[in-house]
Amino acid sequence: MKFYRVMAVSRRVFRDVANDKRSLVLLFLAPIFAMCIFGLAFSGDVEDVDVLIVNQDQGFTPPMGETTYFSEKIISNLDNEVLNIKNMSNADEARQMVKDGKASAVIIFPEEFSKNAILKTKNTSYPDSAEIIIQGDDSITNIKNAIVKTVNEALSDTLAEEGVNPPLKVTSDPIYGDDAEFVDFFVPGILAFVVYLLTTILTLITFVGERANGTLERVLASPVTEGEVVTGYAITFGILGTLQVALLLSVAILAFDIIVVGNVLLAFMAVAILAVTCQALGILLSSLAKRPEQAIQFFPFVILPAFLLSGVFWPIQAIPEWLRPLSYLVPPTYAVDACRAVMLKGWGLDKIWLDLMVLVIFAILFLVLAVWSLRRGKR
């Protein structure tokens with residue numbers, strides 16, 4: 001392999017990309033657009049949920065004391081930014097409004113709620129329990145969870161105000177991810193996913209285009225070897241992918257203010273290795289397509305495995321157990337894991353080296369297979 005020939009291939013590809021405005025847009029503007037769309041769509045909290053409250057609570061009057069309405073104190077502590085509250089007196093009518101799609105849930109406080117709540121807090125052996133009934137549309141899980149969480153928080157705040165200590169208490173003391181929000185979990189995954197997707201597709205389309213217009217055939221007819229062609233492309237798209245990573249990391253940190261506990265250069269390294277892996281995968285896939293139209297047919301096979309299996313949108317532990325082993329055959333899985341470990345946990349090279357090594361193995365494997373596919377194509 002001659003280095004000057006490798007660089008000649010690399011310079012030519014750089015020049016072609018620089019002269020193609022659509023490729024430049026795909027390389028630099030499309031990743032920012034994709035990250036912003038995904039980030040804005042998935043980083044928001046559930047707000048303005050329409051709920052109905054039916055308060056049937058009759059209150060509780062202790063001997064020689066004033067009547068207490070425990071339910072009203074809980075209602076006053078409900079977060080009005082999350083819930084749009086409307087009071088109703090008839091539970092059946094409220095349930096019908098939920099069935100008609102006019103509200104997401106009805107929250108019911110039974111008649112003896114205050115009595116049972118107060119007596120239960122004073123005497124845990126009291127036979128009746130205070131119960132808040134939530135009947136709603138559980139088909140949208142995020143909204144259901146937001147309603148339940150808000151009611152539980154209001155109940156906890158009310159107990160604290162009343163100076164009541166519940167018999168059981170769960171304390172969360174994070175080892176990792178203190179004050180982390182969903183966007184902090186989500187953005188590192190999107191970073192790896194966008195680089196994987198765009199680098200693979202751009203390389204695939206570019207290489208198929210050169211095959212279709214005869215440029216690749218003319219290059220291979222010269223003294224340049226298949227290995228030099230693949231290496232030249234690897235250098236070009238590796239550098240472009242690295243610039244993509246730098247740009248996306250900057251957007252993630254500046255625009256979304258995501259948590260970065262560890263060394264951001266390690267996260268950068270993981271996604272940069274992924275970019276090199278993806279350009280080799282694009283060249284390998286291009287050997288199966290003769291025209292750009294055929295290359296488009298590979299998009300689902302590029303997008304769906306990474307979208308569903310790499311842990312970008314939900315943890316690998318949430319994937320069905322029989323399907324989980326396939327996650328470890330998808331390169332973005334390792335980049336996503338390494339990025340989150342560095343950015344959210346502050347892990348160093350000593351703990352993410354295995355993810356990086358697997359990415360390097362994928363890169364070498366795809367590069368070797370890409371060279372082999374070119375040689376086979378000449379026969």
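**Notes on a predicted model: sheet, helix packing and local details**

1. Strand β1 is joined to strand β3 (residues 105–109) by five bridges, and the two strands run parallel. Within this pairing, Leu52 has Val106 of β3 as its bridge partner. It should be kept in mind throughout that the model is predicted.

2. Strand β1, which spans residues 49–55, also pairs with strand β2 (residues 83–88), again in parallel, and here six bridges join the two. One of the residue pairs in this ladder is Val54 with its bridge partner Met88 in β2. The connection between these strands can be described as well, since β1, helix α3 (residues 70–76) and β2 together make a β-α-β unit that is right-handed.

3. Taken as a whole, the sheet is open and has four strands in the order β2-β1-β3-β4, with mixed pairing. Because β2 and β4 (133–136) each have a single partner strand, they stand at the edges, and one side of each is left without a neighbour in the sheet. From one strand to the next, the twist averages 25 degrees.

4. Just ahead of the sheet there is a backbone detail to check: Asp48 lies in the loop between α2 (21–43) and β1, and Asp48 has a positive phi of about 55 degrees although this residue is not a glycine.

5. Which helices pack at an angle of about 35 degrees? They are α7 (residues 182–212) and α10 (residues 264–286), whose axes are 7 Å apart, and α7 passes α10 in a crossing that is right-handed. On the α7 side the contact includes Leu191, Val195, Tyr196, Leu204, Phe207 and Arg211, while the residues of α10 that take part include Val271, Leu274, Cys278, Gln279, Ile283 and Ser286. Sorted by class, this contact of α7 with α10 has 14 nonpolar, six polar and one charged residues.

6. How many salt bridges does a search of the whole structure find? The search finds one, and the side chains of Asp92 and Arg95 meet in a salt bridge with an N to O distance of 2.6 Å. Both residues belong to helix α4 (residues 91–99), and because Asp92 and Arg95 are three residues apart in that helix, they are separated by about one helical turn. For a reader who wishes to inspect the pair, the contact is thus one between side chains within a single helix, α4.

Terms used:
Residues are numbered from 1 along each chain as its sequence is written. This is a predicted model: local features need pLDDT of at least 70, side-chain atom pairs count only at pLDDT 80 or more; totals for chains, interfaces and linings use all residues. Side-chain values use heavy atoms; hydrogens and water are left out. Two strands pair if DSSP finds at least two bridges between them. A crossover is right-handed if, with the strands pointing away from the viewer, the path from the first strand over the helix to the second runs clockwise. Axes are lines fitted to C-alpha atoms, for helices over the stretch in contact, and angles run from 0 to 180 degrees between N-to-C directions. A crossing is left-handed if the near helix is turned anticlockwise from the far one by less than a right angle, and right-handed if clockwise. Contact means heavy atoms within 4.5 Å. Ala, Val, Leu, Ile, Met, Phe, Trp, Tyr, Cys and Pro count as nonpolar, Asp, Glu, Lys and Arg as charged, and the others, Gly among them, as polar. A salt bridge is a side-chain nitrogen of Lys or Arg within 4 Å of a carboxyl oxygen of Asp or Glu.
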